[in-house]
Amino acid sequence: MGDEEQKLTERGRGRPRTDPRDAETRLRLIRAGLEIATERGYVATGVGEVLRRAAAPKGCFYHYFKDKEDFGLQLIDAYEEFFAKMLDRCFENRALSPMNRLKAFVDAAKAGMEKHQFRRGCLVGNLGQEIASLSDAMREKLIGVMEDWQGRTAGCLALAQDMGELSVSRNVDELAAFFWIGWEGAVLRAKLELRADPLDSFAKVYFHLLKK
């Protein structure tokens, strides 16, 4: 073993290992933050309530997050990861036709809201309503998330064109953007009214438009 390799080995031995309890506590804080922010919004998400809901020790918040903005950015990352998995489950389900994959997402998202009695909305939609209170970094991240969702949806619609479910004359990028603009509005209305009717109304009109 050379001198340089030996130095690296010795340095590695002295490096402390990450305590798995740290990862667990951070995850509880993220989950608590998502619950509160999807219920009442990011601005109303207080550090004290996050700690109480996560059953985390007082003062530990700033061990895991630099500040509330950093916490907000990590909430968006966690929500994006969760939502991407749901989209993939629906859009990559080869047992369904592409158009039915999009309908499967609508059903899954509606079921998620019903599970919480329509008291929790979409984190991205909630934050979009609070944009005046958010940093540029959070705004840019939200735009990136929406663009990702639209891209995945456009891909599903393009596949529907390939399989003859959707006219090739339709612009899938525009249709995908229109879907998310309308869907986020329907989610807001469903949360306001505490019922699924706005989601069903939007889905009915959207899929009817796709047939034209």
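A residue counts as buried when its relative accessible area is under 20%, as exposed when that area is over 50%, and as partly exposed in between. The structure described here is a predicted model, and by this scale Leu209, at 30% relative accessibility, counts as partly exposed.

## Overall architecture

The secondary structure of the protein comes to 10 helices and 0 strands, so that, when the chain is read along its sequence, the pattern is α-α-α-α-α-α-α-α-α-α. The C-alpha trace spans about 70 × 50 × 30 Å along its principal axes. The radius of gyration of the protein is 21 Å, whereas a compact globule of 212 residues would have one near 17 Å.

Of the 212 residues, 41% count as buried, and the protein exposes about 12400 Å², of which carbon and sulfur atoms supply 51%. If one takes the contacts between residues at least 6 apart in sequence, 65% of them join residues at least 24 apart.

## The packing of α6 against α10

Helix α6, which covers residues 98-115, packs with helix α10, which covers residues 197-210, at an angle of about 175° and with the two axes 11 Å apart. Because angles over 145 degrees count as roughly antiparallel, α6 is roughly antiparallel to α10. On the α6 side the contact is made by Met99, Leu102, Lys103, Val106, Lys110 and Met113, and on the α10 side by Leu199, Asp200, Ala203, Tyr206, Phe207 and Leu210. Sorted by character, the residues of this contact divide into 9 nonpolar and 3 charged, with no polar residue among them.

Leu209 also lies in helix α10. Leaving aside its neighbours within four places in sequence, Leu209 is in contact with Arg170 and Phe178. Leu209 and Leu175 are 34 residues apart in sequence, and their C-alpha atoms are 9.7 Å apart in space.

## Buried residues in α8 and α7

Thr153 lies in helix α8, which runs over residues 136-162. With a relative accessible area of 0%, Thr153 falls under the 20% limit and is therefore buried. Not counting residues up to four places away in sequence, Thr153 touches Phe91, Leu102, Ala176 and Trp180; of these, Leu102 is also one of the α6 residues that make the contact with α10.

Asn126 is found in helix α7, residues 123-129, and counts as buried because its relative accessibility is 10%. Outside its neighbours within four places in sequence, Asn126 is in contact with Ala37, Thr38, Glu39, Gly41 and Lys191.

## Exposed residues in α8 and α5

Helix α8 also holds Glu147, which counts as exposed because its relative accessibility is 52%, in contrast to the buried Thr153 of the helix. Glu147 and Ala160 are 13 residues apart in sequence and 20 Å apart in space, taken from C-alpha to C-alpha.

Arg89 is found in helix α5, residues 68-91, and at 57% relative accessibility counts as exposed. The separation of Arg89 from Ala108 is 19 residues in sequence and 10.0 Å in space. The C-alpha separations mentioned in this report are gathered below.

| Residue pair | Separation in sequence | C-alpha to C-alpha distance |
|---|---|---|
| Glu147 and Ala160 | 13 residues | 20 Å |
| Arg89 and Ala108 | 19 residues | 10.0 Å |
| Leu209 and Leu175 | 34 residues | 9.7 Å |

## Loop residues with positive phi

Most residues other than glycine have a negative phi. Against that background, two loop positions deserve a mention. Gln117, in the loop between α6 and α7, has a phi near 55°, a positive value in a residue other than glycine. At 52% relative accessibility, Gln117 counts as exposed.

Leu194 is found in the loop between α9, residues 172-193, and α10, and its phi, likewise positive in a residue other than glycine, is near 55°. Leu194 counts as partly exposed, because its relative accessibility of 39% lies between the 20% and 50% limits.

Key: Residues are numbered from 1 along each chain as its sequence is written. This is a predicted model: local features need pLDDT of at least 70, side-chain atom pairs count only at pLDDT 80 or more; totals for chains, interfaces and linings use all residues. Side-chain values use heavy atoms; hydrogens and water are left out. Axes are lines fitted to C-alpha atoms, for helices over the stretch in contact, and angles run from 0 to 180 degrees between N-to-C directions. Helices (H or I, at least four residues) and strands (E, at least two) are DSSP runs, numbered from the N terminus. Angles under 35 degrees count as roughly parallel, over 145 as roughly antiparallel, 65 to 115 as roughly perpendicular and the rest as oblique. Contact means heavy atoms within 4.5 Å. Ala, Val, Leu, Ile, Met, Phe, Trp, Tyr, Cys and Pro count as nonpolar, Asp, Glu, Lys and Arg as charged, and the others, Gly among them, as polar. The radius of gyration is taken over C-alpha atoms; the globule rule is 2.2 Å times the number of residues to the power 0.38. Buried means under 20% relative accessible area, exposed over 50%, partly exposed in between (1.4 Å probe, protein chains only). Accessible areas come from the Shrake-Rupley method with a 1.4 Å probe; for residues, only the protein chains shown count as cover.
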